[in-house]
Amino acid sequence: QVQPVESGGGLVQAGGSLRVSCKASRAITSVFNSKIMAWYRQPPGKQRELVATITRLSSPTYVDSVKGRFTISRDNANKKIHLQMNDMKPEDTTIYYCNTGKGEFTWGQGTQVTVSP
């Protein structure tokens, strides 16, 4: 089974930037490369939210609340995806997860992102 490992979270002040990354080491490269990959987040007490997706050819989509601030990218050779988060807001505080666009991989532990006012 493929369980991505997320990293790069931390504490940042409002207006600051963070870059989170995800590696799907156990995925077969060709399988990873064929998948739409995605970042999700799940605030406490709320359902998991799809934040951004990226196709195998790196065409992105974003939820309205992060458009213009977040950028998703992928490194197919290394089976990684990244999320560059700029102009961060306190409401961005939560755990960030990566998975396929359909949630086909086993969910990892995520990486905690905290934005202070």
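Let's start at a charged pair: Asp92 forms a salt bridge with Arg41, and their closest N and O atoms are 3.1 Å apart. Keep in mind as you look around that this is a predicted model. The Asp92–Arg41 pair links distant parts of the chain, with Asp92 in the loop between E8 and E9 and Arg41 in strand E4, 51 residues apart. Are these two residues buried or exposed? Both Asp92 and Arg41 are buried; for Arg41 the relative accessibility is 5%, which is under the 20% limit and therefore counts as buried.

Arg41 has another partner as well. Its side chain meets that of Glu49 in a salt bridge of 2.8 Å, N to O. Glu49 has a relative accessibility of 27%, so this residue counts as partly exposed. Taken together, Arg41, Glu49, Arg69 and Asp92 are linked in a network of salt bridges. The count for the model comes to 5 salt bridges. Another one of them joins Glu104 and Lys35, at 3.0 Å from N to O. This pair also links distant parts of the chain: Glu104 is in the loop between E9 and E10, Lys35 is in the loop between helix H1 (29-34) and E4, and 69 residues separate them. At 44% relative accessibility, Glu104 counts as partly exposed.

Now turn to the aromatic rings, where the count comes to 2 aromatic pairs. Tyr40 and Trp107 are arranged edge-to-face, 5.0 Å centre to centre with 80° between the planes. Here Tyr40 belongs to strand E4 and Trp107 to the loop between E9 and E10, 67 residues apart, so to speak of distant parts of the chain being linked is fair. Tyr97 and Trp107 are edge-to-face too, at 6.1 Å centre to centre and 90° between the planes. Because Tyr97 lies in strand E9 and Trp107 in the loop between E9 and E10, this pair ties together parts 10 residues apart in sequence. Tyr40, Tyr97 and Trp107 form one aromatic cluster. Tyr40, at 8% relative accessibility, counts as buried, as does Tyr97 at 11%, while Trp107 is partly exposed at 26%.

Arg48 joins the scene here: its charged end sits over the ring of Tyr97, 4.9 Å from the centre, and Arg48 also lies over the face of Trp107, 3.8 Å from the ring centre.

Finally, look at the largest nonpolar core, which has 25 residues. Trp39, Leu83, Met85 and Val113 have the most contacts inside it. Strands E3, E4, E5, E7, E8, E9 and E10 each supply at least two residues of this core. Beyond its neighbours within four places in sequence, Leu83 is in contact with residues including Leu18, Trp39, Val51, Phe70, Ile72 and Tyr96.

Key:
Residues are numbered from 1 along each chain as its sequence is written. This is a predicted model: local features need pLDDT of at least 70, side-chain atom pairs count only at pLDDT 80 or more; totals for chains, interfaces and linings use all residues. Side-chain values use heavy atoms; hydrogens and water are left out. A nonpolar core is a set of buried Ala, Val, Leu, Ile, Met, Phe, Trp, Tyr and Cys residues joined through side-chain atoms within 4.5 Å. Buried means under 20% relative accessible area, exposed over 50%, partly exposed in between (1.4 Å probe, protein chains only). Helices (H or I, at least four residues) and strands (E, at least two) are DSSP runs, numbered from the N terminus. Contact means heavy atoms within 4.5 Å. Rings of Phe, Tyr and Trp (its six-membered ring) pair if their centres lie within 6.5 Å; planes under 30 degrees apart count as stacked, over 60 as edge-to-face and the rest as tilted. A charge sits over a ring if NZ of Lys or CZ of Arg is within 6 Å of the ring centre and within 35 degrees of the ring normal. A salt bridge is a side-chain nitrogen of Lys or Arg within 4 Å of a carboxyl oxygen of Asp or Glu.
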